[in-house]
Amino acid sequence: MSEKVLHAGDSDFDATVLQSSEPVLVDFWAPWCGPCKAIGPIVEQLADQYQGKAKVVKVDVQEFPSLGVRYNVRSIPMLLMFKDGQVHSSQLGAPPNIKSLLTQMIDKAI
């Protein structure tokens, strides 16, 4: 697991994501979610690839359900791209081309 992937919860989400000077890709996931596990290595690669340009944060919606409710997460994996404290773009699910989709989301936000 990449040490560049941050984990956020109720107490530090605003500071880590909304107040970030860099764009932030947030992966809303849960440990029991198969597709979430499948894209995990891709999310980690992106954290390495965009180090210094964008942050990558994971939020466990099972552990922090209020964050899932706050961002209307009804299905996981759900990835939201934040820029300047606002949702810039989103990706629901784990299609085969997920890496290129997420790369485009990050590139547009930088």
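This passage describes the overall fold, the nonpolar cores and the disulfide of a predicted model.

The protein chain contains four helices and five strands, and these elements succeed one another along the sequence in the pattern β-α-β-α-β-α-β-β-α. The radius of gyration of the chain is 12 Å, close to the 13 Å that the globule rule gives for 110 residues, so the chain is as compact as a globular protein of that length. Along the principal axes, the C-alpha atoms occupy a box of roughly 30 × 30 × 25 Å. Of the 110 residues in the protein chain, 48% are buried, while the area that the chain exposes amounts to about 5700 Å², with carbon and sulfur atoms supplying 52% of it. When contacts with a separation of 6 or more are considered, 71% of them are accounted for by residues that lie 24 or more positions apart in the protein chain.

The interior was examined next in terms of its nonpolar cores. The largest nonpolar core comprises 21 residues, and F13, V26, F28, V59, I76 and F82 are those with the most contacts inside it. At least two residues of this core are supplied by each of α1 (13-18), β2 (24-29), β3 (55-60) and β4 (78-83), and the greatest contribution is that of β2, which gives four residues. The surroundings of F82 can be listed in detail: with residues up to four places away in sequence left out of the count, F82 touches F13, V17, L18, P23, V24, V26, Y71, V87 and H88. Two of the residues in this list, F13 and V26, are also named, together with F82 itself, among those with the most contacts inside the largest core. Separate from this core is a second one of 17 residues, which includes I39, V56, L79 and A109.

A search of the whole structure for disulfides finds one, and this disulfide joins C33 to C36, with an S to S distance of 2.3 Å. The link of C33 and C36 is right-handed, with 75° about the S-S bond. Both partners fall below the 20% relative accessible area under which a residue is taken as buried: C33 counts as buried because its relative accessibility is 4%, and C36 is likewise buried, with a relative accessible area of 2%.

Conventions. Residues numbered from 1 in each chain as written. Predicted model: local features only at pLDDT ≥ 70, side-chain atom pairs only at ≥ 80, totals over all residues. Heavy atoms only, no water. Disulfide = S-S within 2.5 Å. Buried < 20%, exposed > 50% of the residue type's maximum accessible area, 1.4 Å probe, protein only. Core = buried A, V, L, I, M, F, W, Y, C linked by side-chain atoms within 4.5 Å. Contact = heavy atoms within 4.5 Å. Rg over C-alpha atoms; globule rule 2.2 N^0.38 Å. Areas by Shrake-Rupley, 256 points an atom, 1.4 Å probe, with all protein chains shown as cover.
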